[in-house]
Amino acid sequence: MAPIIVPANQPADRFYAGGTRISSFRDDPPCASHQPEDWVASTTCCHGCASLGLSRLPDGTLLADAVAAQPERWLGAEHVARYGADTKLLVKLLDAGQRLPVHAHPHVAWAARHLGLKHGKAEAWYILTPGCVWLALKEAVEDKALLELVEAGKGTQLLDKMHKIDVVPHQTLYVPPGTLHAIGEGVMVVELQEPSDLSVLCEWEGFQIDGLQHGHLGLGFATALTAVDTKARTRDEVMRLVTDGATGESVCAEESNEYFVLERLRVDGERFAHRGFAIMIVLDGSVSLATQKSEALALKKGSTVVIPHDDGELKLQGRADVLVARPPKSEIALACLFTIT
């Protein structure tokens, strides 16, 4: 077992434009016009697909199969005892080549009840490029009015009822399940999610998707829209979901910790971080990554790495800005994220 550099994994022909910023960030050749998401070290499929979205290791093995075959080595005994052979994590690079449609993702309880699934889709965004986003309703919407608006193809009108937020690099925004949201054109993010691909669309005009057919998870909008939180939130309530991205053991809003943990490490010389399954993204600079069981791995801006639990403590040397995404931790584990800082 050893940290493994994973290349770009950008499913083609998605329903919205983007992807050039991902290619630039990774210093890769240009991608096609509608490859806006890079599913990094993914054990999750695109909704309705058999394998699209899954990441492969250098030997051709699906990461999902490798984890299933040796769950304790990849995830650790404590994690497996609590969650089974489930990484509990999906990480993406997302480049909004156009404004994303207004949509929401269901809570795990809703997904279990209506779809028989074990994950909903809480998510968080770590902002890489400036722009604007829309998050949560500032005006409540009646359930019947929402259904009529969406089925009439007028979901764009929801933007005026939502909080518009100007964002800058290194901020994070937590998007609780059920919360309406949209990412503005030109914004690139690192996205942490529960490992699912469940979206309820409220608009689709101008996008390469038939929302009336594919926007409701096969349930019909009368059912699918019950996953949406239609209550109003104050500006103060919404801004509590926004953090400044300062370095630390958990840079997202505290309530996101039940779903995932995102660490930001500023390396200037030598830095250590605790063992555990993780997905690492180098935001800037260059750094070498070594573990208790592996030789140093040279990384640069745009490098993405999957790290098995069995490899032990992480040692970083160089000058770099690094994100480390991890599955949810217990309260005790959260108090001990860093062994040395």
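**Side-chain pairings and local packing in the predicted model**

A search of the whole structure, which is a predicted model, identifies five aromatic pairs. One of these is formed by F15 and Y16, whose rings are arranged edge-to-face, with a centre-to-centre distance of 5.3 Å and an angle of 70° between the planes. The two partners are placed in unlike surroundings: F15 is partly exposed, with a relative accessible area of 23%, whereas Y16 is buried, with a relative accessible area of 2%. A second edge-to-face pair comprises Y174 and F260, because their ring centres lie 6.5 Å apart and their planes stand at 75°. Y174 belongs to strand β8 (residues 172-175), while F260 is found in the loop between β12 (242-243) and β13 (261-273); the pair therefore ties together parts that are 86 residues apart in sequence. Y174 and F260 are both buried. Ring pairs also join F15 and Y16 to F207, giving a cluster of these residues.

Cysteine pairing was examined next. The count of disulfides comes to zero. A disulfide is a covalent bond between the sulfur atoms of two cysteines. For C31, the closest cysteine sulfur is that of C46, at 15 Å, which is too far for a bond. C252 is a buried cysteine, with a relative accessible area of 7%.

Charged side chains were then considered. Side chains of opposite charge can pair when their charged atoms come close. In the model, the count of salt bridges comes to 15. Among them is the bridge between E37 and K92, with an N to O distance of 3.3 Å. Because E37 lies in strand β2 (residues 37-40) and K92 in strand β3 (residues 90-95), this pair ties together parts that are 55 residues apart in sequence. Both E37 and K92 are buried.

Another salt bridge joins D86 to K118, the closest N and O atoms being 3.5 Å apart. D86 is located in the loop between α4 (77-83) and β3, and K118 in the loop between α5 (108-115) and β5 (123-127), so the bridge ties together parts that are 32 residues apart in sequence. D86 is buried, with a relative accessible area of 9%, whereas K118 counts as exposed at 58% relative accessibility.

A further salt bridge is formed by the side chains of D310 and K293, at 3.2 Å from N to O. Here D310 occupies the loop between β16 (304-307) and β17 (314-326) and K293 the loop between β14 (278-291) and β15 (294-300), so parts that are 17 residues apart in sequence are tied together. At 19% relative accessibility, D310 counts as buried because the cut-off for that class is under 20%. K293, by contrast, is exposed, with a relative accessible area of 52%. Salt bridges link D310 and K293 with R73 in a network.

The residues of this last bridge can be placed against a record. An unreviewed UniProt entry carries the annotation "domain: Mannose-6-phosphate isomerase cupin" for residues 257-325. In the model, this span is 0% helix and 72% strand, and its end C-alpha atoms lie 11 Å apart.

Local packing was also examined at helix α6 (residues 143-151), in which L146, L149 and V150 are buried. Viewed down the axis of α6, the buried residues fall within an arc of 95°, so they line one face of the helix. An α-helix has 3.6 residues a turn, so residues three or four places apart point the same way. The elements covering the buried residues of α6 include β11 (200-201) and α8 (221-224). Just after α6, G153 adopts a positive phi of about 75°.

Finally, Q10 is situated in the loop between β1 (4-5) and α1 (20-26). At 14% relative accessibility, Q10 counts as buried. Leaving aside neighbours within four places in sequence, the contacts of Q10 are with G19, I22, S23, C31, Q35, E37 and D38. Two of these contact residues, C31 and E37, have appeared above: C31 as the cysteine whose sulfur lies 15 Å from that of C46, and E37 as the partner of K92 in a salt bridge.

Definitions and conventions
Residues numbered from 1 in each chain as written. Predicted model: local features only at pLDDT ≥ 70, side-chain atom pairs only at ≥ 80, totals over all residues. Heavy atoms only, no water. Phe/Tyr/Trp six-rings, centres within 6.5 Å; stacked < 30°, edge-to-face > 60°. Buried < 20%, exposed > 50% of the residue type's maximum accessible area, 1.4 Å probe, protein only. Helix = DSSP H or I, 4+ residues; strand = E, 2+ residues; numbered from the N terminus. Disulfide = S-S within 2.5 Å. Salt bridge = Lys/Arg side-chain N within 4 Å of Asp/Glu carboxyl O. UniProt positions renumbered as here; feature names shortened; annotations may be inferred. Arc of directions from axis to C-beta. Contact = heavy atoms within 4.5 Å.
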